[in-house]
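Work through the exercises below with the structure in view. Try each task before reading its solution.

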Amino acid sequence: MSRGISSAGRSICGVEVTVRLFAMLRERAGASEVTLQLPERARVADALGELHGLADGLPLVMAVNREYADEERVLDPGDELALIPPVSGGCSRAVPT
Amino acid sequence: MSDGRRDAAASVRDLPDEVAVAPWVRVTAQPLSLDELTARVRDPRAGAVVTFQGVTRAVERLHYEAYAEMAEERVAAIAAEGLERHGLCAAAVEHRVGEVPLSEPSVVVAVSAPHRGEAFAGAREIIDRVKAEAPIWKKEVEGGDERWVKGTRPR
């Protein structure tokens, strides 16, 4: 699944980023990763916008190149953006939220 | 005291106060061994070893999924910070992914320290932070039913 961007037809000089999806997001999307073409200087928030509501209703945290990052972070070509739904590692059955 | 024992005592005294030993961290699909993990934190300066196992309870099995590369980096950073903050001698953490049947461990933590106070505190901090910050998810599987466990937002 790959979506280009159509901002004024300037899809040629942009950045390509890989988006990693996990758990319920991976199941929703039917893919564990997608590639996005974004305009130069695109931010994490722009990448989320391109995913067309995939993450609606989930309190997401993002990571860029395996470090937690906020939505204002500017993406560079080749960056790996990960959408991280609420985590539940460890042992207990029910994690209080 | 024999020469051999004197040598051993001298070598312990000669250990530097702070040795920057990188914690052992692994995310694996294999069953976890507490014995192997405990062996990884053996240290001649340590008078206390604390271990923790988180095990599947109340359901047939849990299915764990991880962003493995980032989870290993996050857990390594958490363990290194615990080591530093609590003056631990060594720390080791392993998390299993894939199916973890009832009563088997999904996560194991072992730490060693000169005394039990810092060993308990260090192990407690490491497991609490791993659960809250590592990008790992679990799904309960019971009969034909599956559901993702509601988690916490990292950080």
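## Exercises on a predicted model

**Exercise 1. Find how many helices and strands chain A has, and give their order.**

Solution.
- Start with the count: chain A holds 2 helices and 6 strands.
- Next, walk from the N terminus: the elements follow the pattern β-β-α-β-α-β-β-β.
- Keep in mind that this is a predicted model.

**Exercise 2. Find where pLDDT stays under 50 in chain A.**

Solution.
- Begin with the whole chain: the mean pLDDT of chain A is 82. Of its residues, 78% reach 70 or more.
- Now look at residues 1-11 of chain A, where pLDDT stays under 50. The model gives this stretch 19 contacts beyond four places in sequence.
- Then turn to residues 92-97 of chain A, where pLDDT also stays under 50. Here the model has 10 contacts beyond four places in sequence.

**Exercise 3. State what share of chain A is buried, and what share of its contacts with a separation of 6 or more joins residues 24 or more positions apart.**

Solution.
- A residue is buried if 20 or more other C-beta atoms lie within 10 Å of its own. By that cut-off, 29% of the 97 residues in chain A are buried.
- For the contacts, take those in chain A with a separation of 6 or more: 59% of them are between residues 24 or more positions apart.

**Exercise 4. Lay out the open sheet of chain B that contains β3 and β7.**

Solution.
- Put the 4 strands in order: β5-β3-β7-β8 of chain B, with antiparallel pairing.
- Mark the edges: β5 (98-101) and β8 (145-148) of chain B each pair on one side only.
- Add the twist: it averages 25 degrees from one strand to the next.
- Zoom in on one pair: β3 (residues 61-66) of chain B and β7(B) are joined over 6 bridges. L62(B) sits opposite E140(B) of β7(B).

**Exercise 5. Describe the side of chain B that touches chain A.**

Solution.
- Count the residues: chain B gives 29 and chain A gives 21 to the contact.
- Locate them: β2 (48-55), α3 (68-86), β6 (105-113), α4 (116-133) and β7 (136-142) of chain B each give two or more residues to this side.
- Sort by class: the chain B side has 15 nonpolar, 5 polar and 9 charged residues.

**Exercise 6. Name the residues with the most contacts inside the largest nonpolar core, then follow I126(B).**

Solution.
- The core has 59 residues. Those with the most contacts inside it are A47(A), A91(B), V93(B), V109(B), V111(B) and I126(B).
- Beyond four places in sequence, I126(B) is in contact with I78(B), A79(B), G82(B), A91(B), V93(B), V109(B) and V111(B).
- As a general rule, nonpolar side chains in soluble globular proteins tend to be buried together.

Conventions
Residues numbered from 1 in each chain as written. Chains lettered and ligands numbered in written order. Predicted model: local features only at pLDDT ≥ 70, side-chain atom pairs only at ≥ 80, totals over all residues. Contact = placed C-beta atoms within 7 Å. Nonpolar A, V, L, I, M, F, W, Y, C, P; charged D, E, K, R; others polar. Pairing = 2+ DSSP bridges. Axes fitted to C-alpha atoms, helices over the stretch in contact; angles between N-to-C directions. Buried ≥ 20, exposed ≤ 12 C-beta atoms within 10 Å, placed from the backbone. pLDDT = per-residue confidence, 0-100. Core = buried A, V, L, I, M, F, W, Y, C linked by C-beta atoms within 7 Å.
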